[in-house]
Amino acid sequence: MNKQTIRDVPRVGFVSLGCPKATSDSEHILTRLRAEGYEISGSYDAADLVVVNTCGFIDAAVEESLDAIGEALTENGRVIVTGCLGAKDDVVRAAHPQVLAVTGPHATEEVMRAVHQHLPKPHDPFVDLVPPQGVRLTPPHYAYLKISEGCNHRCTFCIIPSMRGDLLSRPIHDVMREAEALVDSGVREILVISQDTSAYGVDVKYRTGFWGGKPLKTRLLDLANALGELGVWIRMHYVYPYPSVDELIPLMAEGKILPYLDVPFQHASPRILKAMKRPANAENVLERVRKWRSICPELTIRSTFITGFPGETEEDFELLLNFLEEAQLDRVGAFAYSPVEGAAANDLAEPVPDDVREERRMRLMAFQEDISTQRLEARIGSEMTVLVDDVDEEGALARSPGDAPEIDGLVIVPDGDGLEPGDFVRVRITDCDVHDLYAERLD
């Protein structure tokens, strides 16, 4: 018997994989589903069909996504695929030809059409059941705010533009309307995301919009200023080190937005950066980092790097380690280079053996561990405001202005009595380990 004949209200299961940008896509789809009266199921058994939002950036992500699709097919049998791997329709259908539909990323309308086709929407959708901030996958006290889609860069290791297209900035009034709805719902921290956050507005020539009855340019500085008026933490992710980023640092020093930058430098060797087609060089980056910290000493910088890129020599790798020593970055992630189908880097000469790529990644992380620990040790004795994420019998798990959720460290506060997730609390840092800080309450 068809499941749809059993239940009065159709139910959709949802699996969301990948980066925060994919999470944002999932939230838009879930919001539409709820707005049209569908229920969201927490299990395969209770769902009439399942939507799987996939990642396809590197081989490991492709494998994870294909496994997730396979599991959903085994447990439920009716599956719609979306997301970055969905841009490779042939890959998905070669592995799982029985899926109901396949769409690419940022494709809410296409997903909804597929859902309507295979699971007709209820006759009387309960729009009033959907909160103004939409359906979210994050905890109630923080949320991702995607300001643009796609990317104009053509980095040789990346296939995101072929999946998500060129830069497409959201109208600034739409971004601010969503941000205000999030704050009204109780969100205490907004994490600004896109593929290239610092390029916001380039595609529309920084067109002037309106918010609160005042003109507002579609530009990152203007957006940051406006978001800073909402009275919550504003955190910037995926920021290329353009000169325009310099304009944000005074806002951080003034406390309007968090003193935090997530800047994917990727490498430091001029030769490798050129092969990657990255829009920066190490010398300019070091000078810019020094300038940023002279203006805002509290600035936390996180970055990611690739080891074993085609053509990378031991000398190139040593240049990268030297850069880390000079830059003194607070948080670093590293990935051994992984060939991605369709990436231009696959055609570059002198591929680095797998074991060397991984060995260099491990050396980089061991080298950076000492730097990160020293940066944390320098905070011992300081006072700061932290945001509580969770509270259990051992105390409160919180984050400092320098810690983004899920990718950075924690501030552990043993005395969590009376605290709840979403609370701001003043603390003094008493100790640290390799990743986390420990603190005592001051209020």
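**Exercise 1. Find how many bridges join strand S16 to strand S19, then place the pair in its sheet.**

*Solution.* Start with the two strands in this predicted model. Strand S16 covers residues 383-392 and strand S19 covers residues 424-432; five bridges join them, and they run antiparallel. For a landmark, look at Val-386, which sits opposite Val-425 in S19.

Next, zoom out. S16 and S19 belong to a set of five strands that close into a barrel, in the order S16-S17-S18-S20-S19. Pairing in this barrel is mixed. On average, neighbouring strands here are turned by 50° against each other, if you ignore direction.

Finally, check the records. The domain assignment puts domain 3 at 382-441. An unreviewed UniProt entry lists "domain: TRAM" for residues 377-443. Over residues 377-443 the chain is 48% strand and 1% helix, with its end C-alpha atoms 23 Å apart.

**Exercise 2. Work out the strand order of the open sheet and name its edge strands.**

*Solution.* Write down the order: S2-S1-S3-S4-S5, five strands with parallel pairing. Now look for strands that pair on one side only: these are S2 (39-41) and S5 (101-102), the edge strands.

Then see what packs on the sheet. Helix H2 (residues 59-75) does, touching S1 (11-16), S3 (49-54) and S4. The direction of H2 makes about 175° with that of S3.

**Exercise 3. Is strand S4 enclosed or open, and why?**

*Solution.* First, list the partners of S4 (residues 79-83). S3 pairs with S4 over five bridges in the parallel sense, and Val-50 stands opposite Val-79 in S4. Two bridges join S4 to S5, again parallel, with Val-81 opposite Val-102 in S5.

Second, sort the side chains. Val-79, Val-81 and Gly-83 point one way, while Ile-80 and Thr-82 point the other way. That fits a general pattern: in a regular strand, side chains alternate between the two faces of the sheet.

Third, use the cut-off: buried means under 20% relative accessible area. Five of the five residues of S4 are buried, so S4 is largely enclosed by the rest of the structure.

**Exercise 4. Which residues touch the most other members of the largest nonpolar core?**

*Solution.* Take the 53 residues of that core and look at who touches whom: the answer is Leu-261 and Phe-323. Don't stop there, though. A second, separate core has 20 residues, including Phe-157, Cys-158, Tyr-337 and Ala-343. As a general rule, nonpolar side chains tend to be buried together in soluble globular proteins.

Technical notes: Residues are numbered from 1 along each chain as its sequence is written. This is a predicted model: local features need pLDDT of at least 70, side-chain atom pairs count only at pLDDT 80 or more; totals for chains, interfaces and linings use all residues. Side-chain values use heavy atoms; hydrogens and water are left out. A nonpolar core is a set of buried Ala, Val, Leu, Ile, Met, Phe, Trp, Tyr and Cys residues joined through side-chain atoms within 4.5 Å. Buried means under 20% relative accessible area, exposed over 50%, partly exposed in between (1.4 Å probe, protein chains only). Two strands pair if DSSP finds at least two bridges between them. Helices (H or I, at least four residues) and strands (E, at least two) are DSSP runs, numbered from the N terminus. Contact means heavy atoms within 4.5 Å. Axes are lines fitted to C-alpha atoms, for helices over the stretch in contact, and angles run from 0 to 180 degrees between N-to-C directions. Domain bounds come from an automatic or database domain assignment. UniProt positions are given in the numbering used here, feature names are shortened, and annotations may be inferred rather than shown by experiment.
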